[in-house]
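Trainee: Please give me a close look at one part of this structure: the interior and the contacts around it. Take it step by step.

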Amino acid sequence: MSIKRYNQVGPYLNEAAAYGGIVYLAGLAADDLSQGVRGQTKQTLANIDRVLAQAGTDKSKLLRVEVWLADMDNFDAMNEVYQAWVDSENVPARVCVEARLWDKAVHVEIMATAAV
């Protein structure tokens, strides 16, 4: 088995790596950081959909999702968007924590693992 890597971003990051029938996504964020938490969550989930598709899978095969919020007071807003997006027949294990993120404009970052 070989490792497949997706979308190298500079010398330090690939958006995903797949091995043994599992794809591991990096922490992804929104492209437009001027958006509020709902808009950033929507964009981040669209980025997850894009990378999963490139790896030959989709959100119905998610195994685990990790969500980092800059402010846990934004949990309900993020969760509303997430619940509308997630496949309700195939809900993955999920964790959500508050963390200082890499840029003060980032409200949410999400990492996912899925079967291929």
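Mentor: Start with the naming. Strands are DSSP runs of E with at least two residues, and helices are runs of H or I with at least four; both are numbered from the N terminus. Keep in mind that this is a predicted model.

By that naming, Thr-113 sits in strand β6, which covers residues 108-115. Is Thr-113 buried or exposed? Its relative accessible area is 16%. Buried means under 20%, so Thr-113 counts as buried. Setting aside residues up to four places away in sequence, Thr-113 touches Ile-22, Val-23, Tyr-24, Leu-62, Leu-63 and Arg-64.

Now the core. The largest nonpolar core holds 27 residues. Val-23, Leu-25, Ile-48, Val-67 and Met-78 have the most contacts inside it. Strands β2 (13-19), β3 (22-25), β4 (62-69) and β6 each give it two or more residues, and so do helices α1 and α2.

Take Val-67 from that group. Beyond its neighbours within four places in sequence, Val-67 contacts Met-78. Its other partners are Arg-94, Val-95, Cys-96, Val-97, Val-108, Glu-109 and Ile-110.

Next, the two helices. The axes of α1 (residues 37-54) and α2 (residues 75-85) come within 8 Å and cross at roughly 35 degrees. The crossing is right-handed. On the α1 side, the contact uses Val-37, Arg-38, Thr-41, Lys-42, Leu-45, Ile-48 and Asp-49. On the α2 side, it uses Ala-77, Met-78, Glu-80, Val-81, Tyr-82 and Trp-85. These residues split into eight nonpolar, one polar and four charged. Ile-48 and Met-78 take part in this contact, and both are among the residues with the most contacts inside the core.

Finish with the charged pairs. There are three salt bridges. The side chains of Arg-38 and Glu-80 form one, at 3.4 Å from N to O. Arg-38 lies in α1 and Glu-80 in α2, so this pair ties together parts 42 residues apart in sequence. Arg-38 is partly exposed at 43%, and Glu-80 is partly exposed at 48%.

Glu-15 and Arg-50 pair at 2.9 Å, N to O. Glu-15 belongs to strand β2 and Arg-50 to helix α1, 35 residues apart. Glu-15 is buried at 13%, whereas Arg-50 is partly exposed at 33%.

Arg-64 and Glu-66 also meet in a salt bridge, at 2.9 Å from N to O. Arg-64 is partly exposed at 41%, but Glu-66 is buried at 17%. Arg-64 also brings you back to the start, as one of the residues that Thr-113 touches.

Definitions and conventions: Residues numbered from 1 in each chain as written. Predicted model: local features only at pLDDT ≥ 70, side-chain atom pairs only at ≥ 80, totals over all residues. Heavy atoms only, no water. Axes fitted to C-alpha atoms, helices over the stretch in contact; angles between N-to-C directions. Left-handed = near helix turned anticlockwise from the far one by under 90°. Contact = heavy atoms within 4.5 Å. Nonpolar A, V, L, I, M, F, W, Y, C, P; charged D, E, K, R; others polar. Buried < 20%, exposed > 50% of the residue type's maximum accessible area, 1.4 Å probe, protein only. Core = buried A, V, L, I, M, F, W, Y, C linked by side-chain atoms within 4.5 Å. Salt bridge = Lys/Arg side-chain N within 4 Å of Asp/Glu carboxyl O.
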